[in-house]
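Please look at the structure shown below and keep it in view while reading. The paragraphs that follow take one chain, then the other, and then the place where the two meet.

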Amino acid sequence: MNLPRDKLDDWLAVARAELAQIEPPAWVEASVVSRQAEAVLLKRLREHPPAAVKAPSRQWRFIGWGLPATAAALLALGAAMLLARTPPAQVPVSAAFVALTPLETIAAERSPLVIASEVPRSQLASLGVPVDPARADLLVRAEFLVSRRGAVLAVRFSPE
Amino acid sequence: MAFDPRMTDESDVALLMRCAEGDPSAAAELYRRHAGPVYRFVWMVTGSDSEAADVLQETFIALLERRSGYDPARGSCTAYLCGVARHLVYRRFDSRSEPVAEIEQLAEDSADSAASLLPPPHEHAERAQALARLRAAIRALPSHYRDILVLVELQEMSYADAAAVAGIEIGTVRSRLARARARLAELLNEPMAIGRGQGT
């Protein structure tokens, strides 16, 4: 068969038709949409924090997380003793956060949230704090250090 | 696959505004509209499924994070995204070697079968091989010719949008397209008509 002079056009047409059949892999769409949803969530968290939220200052974080693990354990013990002895009107006070995850994990968190709340003392048991059963229903004010993904990193018991 | 930017320009802007307001469905709709042409452009230029997928992902993330970058007065959203993708491809290949082996292989093949490198398209036995050869020849073109050829000839993009993608004048698109066709014909070792009807 003789080759026509416009054979290049013929083959470009074939290539065009073949190319039109090629579709991107599905994982790309999932990744893009997921990334967008994450960006929207972070934006909303910044605009509407879940509670009285303030990011701890870099200096505060350094002091807090620079303590050795043994000091954190002692503080936890002290807080537990205060909880066990303090009457309901007097809120237990602990100046520093007690780490609930390895310090390296906390230090690696770039922008943790501090969420203030009141929780029943009974729930402190799940954090490893001894609780007097007689006062398990009473509330205690606490501040939780939470990662951007919602993991509780540390807790401290705050004054009024 | 042809696209008509006039049908999507206004609503693309509206979709981007919805994205900015946090509507997750807007991002998905934008992706469905434009991912195909962007992916095919990058795939044709790089010849790699994984490169094309990675660049496509980066392109859309760039669009969603810098929503103000798209100006409908300068071209369609597809053209804008192809321009972003083109930039990302060049940035990736800046740190790598050019696909020299492919070019050398092409030259070797040309010497072996100079008489008839491309059979008529209806000869299916040789069709896949010839098509692969044509793609290799397109990828072996200088990038400024190759990109215009892929956009206009294979993606059926208008000259104006191709100009927006490459950041050049429409007249330059015409001349580069003519030279790209001539160079492609040379690579395929067969004299072919350079002139062709005007694009859209």
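How many helices and how many strands does chain A have? In this predicted model, chain A has six helices and four strands, and if you follow the chain along its sequence you meet them in the pattern α-α-α-α-β-α-β-α-β-β. Of the 160 residues in chain A, 22% are buried. If we consider the contacts in chain A with a separation of 6 or more, 63% of them are between residues that stand 24 or more positions apart.

The strands of chain A are a good place to begin looking in detail. Strand E3 of chain A, which covers residues 139–146, is mostly covered, since six of its eight residues are buried. E3(A) is joined by five bridges to strand E4 of chain A, residues 152–157, and these two strands run antiparallel. Two of the pairs can be picked out by name: A:Leu145 has A:Ala154 as its bridge partner in E4(A), while the bridge partner of A:Ala142 in E4(A) is A:Phe157.

E4(A) also pairs with strand E1 of chain A, residues 98–99, again in the antiparallel sense, here over two bridges. In this pairing, A:Ala99 has its bridge partner in A:Ala154 of E4(A), so that A:Ala154 is a bridge partner both of A:Leu145 and of A:Ala99. As a general point to keep in mind while looking at strands, the side chains of a regular strand alternate between the two faces of the sheet.

Now turn to the other chain. Chain B has nine helices and zero strands, and its pattern along the sequence is accordingly α-α-α-α-α-α-α-α-α. Among the 200 residues of chain B, 38% count as buried, and of the contacts in chain B with a separation of 6 or more, 66% are made by residues 24 or more positions apart.

What lies inside? In soluble globular proteins, nonpolar side chains tend to be buried together. The largest nonpolar core here has 59 residues, and the ones with the most contacts inside it are B:Val42, B:Leu56, B:Ala85 and B:Ala162. Helix H2 of chain B, residues 24–46, gives this core its largest share, which is eleven residues. Apart from this core lies another, of 14 residues, which includes A:Val98, A:Val140, A:Leu145 and A:Ala154. To see how one residue of the largest core is surrounded, take B:Ala85, which, if its neighbours within four places in sequence are left aside, is in contact with B:Val38, B:Phe41, B:Val42, B:Val55, B:Leu56 and B:Thr59.

B:Ala162, which is also among the residues with the most contacts inside the core, is one of the buried residues of helix H8 of chain B. H8(B) is mostly covered, with seven of its eight residues buried; these are B:Tyr159, B:Asp161, B:Ala162, B:Ala163, B:Ala164, B:Val165 and B:Ala166. On one side of H8(B), in the loop between helix H7 (143–154) and H8 of chain B, sits B:Glu156, whose phi is near 55°, a positive value in a residue other than glycine. B:Glu156 is partly exposed, because 16 other C-beta atoms lie within 10 Å. After H8(B) comes B:Gly167, whose phi is also positive, near 70°.

How do H8(B) and helix H9 of chain B pack against each other? H8 (residues 159–166) and H9 (residues 170–187) of chain B pack at an angle of about 95°, and their axes are 8 Å apart, which means that H8(B) is roughly perpendicular to H9(B). From H8(B), the contact is made by B:Tyr159, B:Ala160, B:Ala162 and B:Ala163, and from H9(B) by B:Ile170, B:Val173 and B:Arg174. By class, the residues of this contact are six nonpolar, no polar and one charged.

Finally, consider where the two chains meet. The contact takes 30 residues from chain A and 33 residues from chain B. On the side of chain A that touches chain B, the elements that give two or more residues are helix H1 (7–20) and helix H2 (26–47) of chain A. This side of chain A has 17 nonpolar, two polar and eleven charged residues.

Definitions and conventions
Residues numbered from 1 in each chain as written. Chains lettered and ligands numbered in written order. Predicted model: local features only at pLDDT ≥ 70, side-chain atom pairs only at ≥ 80, totals over all residues. Axes fitted to C-alpha atoms, helices over the stretch in contact; angles between N-to-C directions. Parallel < 35°, antiparallel > 145°, perpendicular 65-115°, else oblique. Contact = placed C-beta atoms within 7 Å. Nonpolar A, V, L, I, M, F, W, Y, C, P; charged D, E, K, R; others polar. Buried ≥ 20, exposed ≤ 12 C-beta atoms within 10 Å, placed from the backbone. Core = buried A, V, L, I, M, F, W, Y, C linked by C-beta atoms within 7 Å. Pairing = 2+ DSSP bridges.
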